[in-house]
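Subject: Structure for your review

Dear colleague,

Please find below the sequence and structure that I am handing over to you. My findings follow directly after them.

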Amino acid sequence: MSLLTSYSLLSYHGQQVAHRWLGWIAISNGAIHSIVALSFGRPLEHKGVGVSGLVASLALLAMIILSPLRLYARTYETTVNAHVALSISLLGSLWYHLYALPSPSWLGLIYLNTAIGILVIGCLLSCVHVLYRSYRTGWHPGVLSIRQLTDAIQITIEVPRPWTFRAGQHIYLRVIGMGIRALWQSHPFTVAWWDQNRVTLLIRPRGGFTRRLLLYSGCRLHGLVEGPFGTEHDLRPYGAIIMFASGVGIAAQVPYIRRVLEGHDTSQACTQSIALYWQLDSEGAHQEWVKEWMDELLRRDMHYILSIFVFVSGNYNDPLACPRGAECFGEHHRVNRIFGDLDVTTTLCGELSNRRGKTAVVVCAGPAMADVVRHTVRNALRRNVTLLELGVWPGPSGGGPMIAVPPVS
Ligand SMILES: Cc1cc2nc3c(=O)[nH]c(=O)nc-3n(C[C@H](O)[C@H](O)[C@H](O)COP(=O)(O)OP(=O)(O)OC[C@H]3O[C@@H](n4cnc5c(N)ncnc54)[C@H](O)[C@@H]3O)c2cc1C
């Protein structure tokens with residue numbers, strides 16, 4: 001389905017909302033149909049039409065009952081797989097239900113067969129897509145190496161073919177060699193960095209698959225990759241870009257900075273300044289997670305439009321480092337590290353009052369920071385400020401629900 005929906009230009013959140021609404025429309029249609037059919041007083045037939053209709057209704061009912069379990073880490077995978085199985089039985093029973101009618105509705109059959117056809121083609125294309133992206137020759141798919149970092153995991157995938165990515169895109173990763181359970185799981189991750197034949201992901205360990213990855217730190221395994229999915233927001237027309245990230249939210253921001261700097265090099269971007277504010281829990285994470293990428297971005301930033309402010313709120317390398325102390329790195333003081341919490345409201349109000357022209361405020365952060373950014377932008381009441389909320393922030397470590405960020409506003 002991701003393959004089909006990735007061409008719909010809907011964000012991940014938009015796709016989920018569309019999926020949910022289409023589901024509710026199907027359920028309400030099914031419920032009305034069943035009530036009308038039963039209210040005509042016809043007894044439920046035990047064969048053919050009746051049984052297939054009953055199976056379809058039960059499949060829909062089971063979907064409604066199961067769907068809330070998707071919110072819990074422990075039941076996520078089971079719920080998703082059960083949803084797929086129920087959808088297949090729903091389509092099968094509906095197909096039989098329509099064909100078994102004494103006078104089949106040809107229009108209904110055309111609709112259903114078209115839907116089944118699209119689904120089957122989508123599944124086949126997905127398989128071909130995964131094989132194309134993961135295999136070149138031989139039996140083994142792309143190699144991936146897992147590295148444990150402070151509070152995060154970095155996965156580097158050696159892709160068999162050169163790949164072009166855009167900012168804001170994600171891939172689905174299935175790892176081979178971590179046991180049967182992991183083989184069934186396919187997880188979405190934002191592409192944080194890429195070059196000719198390597199793709200790098202930055203992952204926050206949570207409660208299931210991502211925590212298990214820690215056990216394989218330092219190993220080289222194989223992985224099946226599907227994607228990339230998702231569309232890029234064009235930031236090049238904005239004169240000023242102000243970015244906020246917390247934790248691994250930086251994985252979604254780095255590609256955007258890269259794309260704007262590329263646009264600047266080719267005179268396709270109007271951007272005059274990019275200010276990145278990044279809140280981190282541990283000092284070690286700053287250098288470990290993104291040093292190479294930041295160095296590369298600073299090297300590309302020929303016109304010195306990029307300023308990076310890293311706020312470290314604890315776990316200092318030097319326990320005597322005093323909160324609110326600050327240090328600068330690199331030429332022209334473009335990277336600043338501040339020991340203490342980021343005051344989003346004051347920082348954003350200050351930035352907005354200093355900037356003129358079309359401004360984009362881009363956020364990929366936890367709910368607390370995202371809320372403050374949203375609220376401050378709303379209060380800024382300037383017509384030329386646009387708020388972009390990127391991707392899905394993976395949430396705190398552990399198994400709590402993932403934070404689905406609403407789409408661009
Ligand atoms: C478009 C997108 C991009 C993402 N990019 C990143 C990224 O760059 N870095 C990062 O650390 N995380 C990212 N995530 C979140 C990441 O996919 C989840 O944290 C991960 O799948 C959780 O796996 P788990 O088994 O360890 O989770 P668990 O601890 O078992 O579950 C935690 C929560 O994660 C969600 N979840 C579990 N399995 C899946 C799955 N197969 N697909 C989707 N959600 C699932 C459920 O909401 C669940 O409640 C992204 C998610 C999306 C949708």
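According to an unreviewed UniProt entry, residues 21-41, 53-73, 80-98 and 110-132 are listed under "transmembrane region". Please note that the structure discussed here is a predicted model. In this model, the listed segment 80-98 is 100% helix and 0% strand, and its end C-alpha atoms lie 27 Å apart. The segment 110-132 is likewise 100% helix and 0% strand, with 32 Å between its end C-alpha atoms.

Surroundings of the ligand

There are 29 residues around the ligand, and those that come nearest are Ala73, Gly207, Gly208, Thr210 and Pro394. By character, the shell divides into 16 nonpolar, 10 polar and 3 charged residues. Which elements each supply at least two residues of this shell? They are helix H4 (73-100), strand S4 (187-195), strand S5 (198-203) and helix H7 (209-212). The largest share, 4 residues, comes from S4.

Helix H4 also holds Glu77. This residue is partly exposed, because 17 other C-beta atoms lie within 10 Å, whereas a buried residue requires 20 or more. Glu77 and Ser186 are 109 residues apart in sequence, yet their C-alpha atoms are 9.3 Å apart in space.

Strand pairing

Strand S4 takes part in two pairings that I would draw to your attention. With S5, strand S4 runs antiparallel, and 4 bridges join the two. The connection from S4 to S5 is a hairpin through 2 residues, and within this pairing Trp193 stands opposite Thr200 in S5. With S3, strand S4 also pairs in the antiparallel sense, over 4 bridges. Here Ile171 has Phe189 in S4 as its bridge partner.

Strand S3 (residues 170-176) pairs in addition with strand S6 (residues 220-229), in the antiparallel sense and over 6 bridges. In that pairing, Arg174 stands opposite Leu224 in S6. Strand S3 is mostly covered, with 5 of its 7 residues buried. As background, in a regular strand the side chains alternate between the two faces of the sheet.

Helix H11

Helix H11 (residues 367-380) has 14 residues, which at 1.5 Å a residue should span 20 Å; the end C-alpha atoms are 20 Å apart, so the model agrees with that expectation. Which residues of H11 are buried? They are Met369, Ala370, Val373, Thr376 and Val377. These residues cover an arc of only 135° around the axis, and therefore lie on the same side of H11. The spacing can be read against a general rule: an α-helix has 3.6 residues a turn, so residues three or four places apart point the same way. On the other side of H11, Ala368, Arg378 and Asn379 are exposed.

Backbone features

Most residues other than glycine have a negative phi, and most peptide bonds are trans. Against that background, three places in the backbone deserve mention.

- The peptide bond from Gly227 to Pro228 is cis, with omega near 0°. Pro228 is located in strand S6, the strand that pairs with S3.
- Asp151 is not a glycine, yet has a positive phi of about 60°. It is placed in the loop between strand S1 (143-149) and strand S2 (152-158). Asp151 counts as partly exposed because it has 18 C-beta neighbours inside 10 Å.
- Tyr304 is also a residue other than glycine with a positive phi, here near 55°. It lies in the loop between helix H9 (283-300) and strand S9 (306-312). Where the limit for an exposed residue is 12 or fewer neighbours, Tyr304 counts as exposed because it has 12 C-beta neighbours inside 10 Å.

Yours sincerely

Key:
Residues numbered from 1 in each chain as written. Predicted model: local features only at pLDDT ≥ 70, side-chain atom pairs only at ≥ 80, totals over all residues. Near = placed C-beta within 6 Å. Nonpolar A, V, L, I, M, F, W, Y, C, P; charged D, E, K, R; others polar. UniProt positions renumbered as here; feature names shortened; annotations may be inferred. Pairing = 2+ DSSP bridges. Expected span 1.5 Å × (residues − 1). Arc of directions from axis to C-beta.
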